[in-house]
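This report describes the architecture of one protein model, from its domains to the surroundings of a ligand and a single helix.

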Amino acid sequence: MGKAILVAGGGGFIGGALVSSLLQQGHEVRAVDRKPLSEWYQVHSQAENVVADLQLLDRCREAVDGVDEVYNLACDMGGMGFIENNKALCMLSVLINTHLLEACRLTGSGQRFFYASSACVYAADKQLVADLAPLRECDAYPAMPEDGYGWEKLFSERMCRHFREDFGIETRIARYHNVYGPRGTWTGGREKAPSAICRKVAEASLSGVHEIEVWGDGEQTRSFTYIDDCVRGSQMIMASDILDPINLGSSEMVTINQLIDIVSDIAGITVTRRYDLSAPKGVRGRNSDNTMILDRLDWEPSTRLRDGLEETYRWVHRQVASGRPATIAAAA
Ligand code: NAD
Ligand code: GDD
């Protein structure tokens, strides 16, 4: 039977894709986001779509009212360009998770609760080299997460744990590793490397000026997780009995230069790279160790980067070519 489910942050990238998937499975979905509906990345008419600021406890009480499950994907965040320059805004998202949990406790609704954490909780001293060992769940402690955003995520993970231990709310936590795909943020300052590189290469291709700016020296490493894997894995983790935070990420690690090679190959052009060494760079290397998810779910994100980027580049290219503003374009 279908459940009643709240998707907090339903107007965002992952939230919009999750709402779509839950509706397809016959669930009743309430999507809540702070942005006006015209700025939501996907608006699903079969869902109950609510515009509300979930930093406020009263709005959280209304949002969780009568639901069986809560997915908290609401957060003031972005790629390195945003989180390095907006640490206080990132940390204020602590109010969203805290008030959502508190609303569940006070109302008795939403007794199964998913929190979208991040690889940014991992200790900085374990990510100093490009050719690093993949990050295991235990590498979050001793704590030295990404300043601002990472501290908020780590604190909210603990809040989930204690609401489970003390108040019986069945919390589940996934640590997402850089999620990308069509209908994601691709311009405006919050975009992450995959969509930013797709946009820059698309602009180069359309303008005929085959030169792009790259943040850092391009030799930093990451793994990138395709949106379909993220949506599927989030639901598997929610349905599981995995109580501790768990990686949800691809283990296909590349350098940013390799990412650019793949995207420019898809575009069918060669690009000259202008490296900006003073731009936001984040950690030197990051990859997901998937031992735990394979062990517990017998599954891991498996979309090949090349395949995911084909879809993403095609979509971003359409947005750039159409010249439409980001928010309208994202819904198309
Ligand atoms: P997103 O920015 O597209 O979506 C987040 C949504 O939350 C936005 O639509 C925003 O308007 C909404 N929001 C912010 N403050 C709010 C508030 N006070 N009340 C209601 N809504 C509010 O981001 P996303 O990529 O979809 O990320 C979803 C979640 O996954 C976030 O918690 C993020 O930190 C986490 N995460 C994402 C990635 C990634 O690579 N995309 C990686 C790690 C973790
Ligand atoms: N955003 C962006 N734009 N990054 C670029 C660009 C560009 O044009 N060119 C090169 N990069 C480099 C960045 O300097 C960084 O070293 C790397 O690409 C990855 O940058 P992002 O994708 O912005 O972020 P991240 O991987 O460091 O962190 C992201 O993933 C985390 C989870 O793994 C962020 O989105 C975090 O918010 C998220 O939690």
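The domains are treated before the core, the ligand shell and one helix.

This is a predicted model, in which local features need pLDDT of at least 70 and side-chain atom pairs count only at pLDDT 80 or more, whereas totals for chains, interfaces and linings use all residues. Residues are numbered from 1 along each chain as its sequence is written, while chains are lettered from A and ligands numbered from 1 in the order in which they are written.

**Domains.** An automatic or database domain assignment supplies the domain bounds. The protein is divided into domain 1 (4-179 + 224-248) and domain 2 (181-222 + 253-284 + 304-331). Their centres, taken over C-alpha atoms, are separated by 25 Å. Domain 1 contributes 23 residues to the contact and domain 2 contributes 26 residues; two residues are in contact if their C-beta atoms, placed from the backbone, lie within 7 Å. On the side of domain 1 that touches domain 2, α1 (13-24) and α3 (80-83) each supply at least two residues. Helices are DSSP runs of H or I with at least four residues, and strands are runs of E with at least two, numbered from the N terminus.

**Residue classes.** Ala, Val, Leu, Ile, Met, Phe, Trp, Tyr, Cys and Pro count as nonpolar, Asp, Glu, Lys and Arg as charged, and the others, Gly among them, as polar.

| Set of residues | Nonpolar | Polar | Charged |
|---|---|---|---|
| Side of domain 1 that touches domain 2 | 13 residues | 8 residues | 2 residues |
| Shell around ligand 2 | 14 residues | 8 residues | 4 residues |

**Ligand shell.** Of the 26 residues around ligand 2, G79, S118, K192, A196 and G282 come nearest; a residue is near if its C-beta atom, placed from the backbone, lies within 6 Å of the molecule. Each of the two domains gives at least three residues to this shell. The greatest share comes from α3, with 3 residues.

**Core.** In the largest nonpolar core, of 84 residues, L6, V7, A8, V70 and L100 touch the most other members. Both domains give residues to this core, so it lies between them.

**Helix α9.** The 12 residues of α9 (residues 256-267) should span 16 Å at 1.5 Å a residue, which agrees with the 16 Å between its end C-alpha atoms; the expected span is 1.5 Å times one less than the number of residues. Just after α9, G268 takes a positive phi of about 75°.

Notes. Core = buried A, V, L, I, M, F, W, Y, C linked by C-beta atoms within 7 Å. Buried ≥ 20, exposed ≤ 12 C-beta atoms within 10 Å, placed from the backbone.
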